[in-house]
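Dear colleague,

Please find below the structure I promised to hand over, followed by my notes on what was found in it.

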Amino acid sequence: MKKSLLFLLTLWSIHFSSYSQVRVRLIGGPQQSIIKETNSVPGWDTTVNRYNKKRNTFHAGILADIPFKTNSKLFFQSGVIFSSKGRTFDKVYDTLTEANYRIRINKIVNYFEIPINIGLKFPLFKNTKFVVATGTYAGLFFSGKSITETTTKDLNFIKEEVKFGSGNGVDKFKSLDLGLNASAGFDFGGITLTARYTRSIVNSFTASYSGTFKHEVMGASLGINLKTITDKKNKPAIKDEDNDGIDDKLDECPDIAGTIKGCPDMDKDSIADKDDKCPDVAGIAKYNGCPIPDSDQDGVNDEIDKCPNISGLAQYNGCPPPDSDKDGIPDNEDKCPGVIGVIQYNGCPIPDSDRDGVNDEEDKCPTIPGLKAHKGCPGIKTEIRKKIREAAKKVYFDFASSIIKPESYKVLDEVAKILNENPELRLIIEGHTDNIGTLERNRIRSQERADAIRMYLQLKKVAGSRIKAIGYGFRRPIADNKTEKGRAQNRRVEMKLSY
């Protein structure tokens, strides 16, 4: 029954290979096996366990590597492997006190294993790949025996051999051993050389005492390819070192799997990487595998760019937008493309809101038509100028002080009224003194009096930004400071209107 099952599984693996490119090979080689035992027997860990040793065995069988798809590095691996396992229990006694000098027990257990692995191949150089595979296996018990070799104190040698079967009874190995396996090594084309490791994941033996028994095997495996079976029936196998489905005789890149005459095409532009000057970017044959160039980097390729050396826009066929009014602002950004303008106003001229010929940026009265000579403001009426000028003559201060006398309030209120009714007007207040005292002291006194008038007008709702106060001291006399009359004339305040 077991042999029939193994035979059917082998046929299944070969049958499956007829639908996918497969490599079938014979494998075999030496290995060392041991049974990892754990139990609660007193003294096992400290004394007895040191007699549990590895035994030298072997394995042989057939494996099939089945790629998941053509040229895939990933493959499914299965087959049938005869594996001899077990362990050696070797104990040496003190001949002075023991009847037996040495007892060696070889437990030999043979299985047929069916691995179910996933593998991966990494190309290294010509005809050489690094191969790894791992997965599970199912081991079917085939045969087993225990060989006991005893050397007595008198150096007599006794050998006993007992066969044992499988099942769930005491001192029997399980009929089915399940475990994990892994391999790693090199594929040299027709020959493979790998290291292998297997380990049970279930208890494989039933002892007369409580414990677990798991097979562990490490070894080396030599593989020889039988043939490569392709998915084309009735067609002889071809030599295809890179497994890309193209005969090495026709493959321009026999060591690297590819799709364009056997060569790789990384950017999928149907131009093999060896002929592609831009292998990472899809291109066209005309430019040796590179995209159509865009010399001015404007996003419009040179073949449709009417200005290939000047950055432009797609809507203008790669040319810069026109500038109809030659104001340096392209028409697509110019809100007044037919009139010279400035960037600040999106290509339009500086506006003149009151249409007096003075643009708003220079017009001090942008909402009132005025004269260019007056910076866009109308001329100040003579009577208003006179009122302001005369009002300045009627502003009085306490002696040697910047405190405004009450009798000055009326005229200053009139000045505030004029300014509030004409918001476009500005006022300049000048403070002057005679030459009694130092230049600096008189400048400070004249500045304080000018500032006092400015503050009074601010209290009357005139914005401080419209009033400028300057103290000149005695630097601008209007009369002779040598006489009292002249000095009295020089002690004065002047107020002037402007825009």
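Contact here means that heavy atoms lie within 4.5 Å, while helices (H or I, at least four residues) and strands (E, at least two) are DSSP runs numbered from the N terminus. Please bear in mind that this is a predicted model, in which local features need pLDDT of at least 70 and side-chain atom pairs count only at pLDDT 80 or more, whereas totals for chains, interfaces and linings use all residues. Residues are numbered from 1 along each chain as its sequence is written, and side-chain values use heavy atoms, with hydrogens and water left out.

In H2, Ile384, Lys387, Ile388 and Ala391 meet Val411, Glu414, Val415 and Ile418 of H3.

The largest nonpolar core (buried Ala, Val, Leu, Ile, Met, Phe, Trp, Tyr and Cys residues joined through side-chain atoms within 4.5 Å) has 31 residues, and Leu427, Ile429, Ile453, Leu457 and Met495 have the most contacts inside it. Buried means under 20% relative accessible area, with a 1.4 Å probe and protein chains only. At least two residues of this core come from each of helix H2 (382–393), H3, S13, H4, S14 and S15, and H3 gives the most, with six.

Among the buried residues of H4 (residues 439–459) are Ile453, Tyr456 and Leu457, and the buried residues of this helix pack against helix H3 (409–421), strand S13 (426–432), strand S14 (467–473) and strand S15 (492–498). After H4 comes Lys461, whose phi is positive, near 75°.

Best wishes

How values were computed: Expected span 1.5 Å × (residues − 1). Buried < 20%, exposed > 50% of the residue type's maximum accessible area, 1.4 Å probe, protein only.
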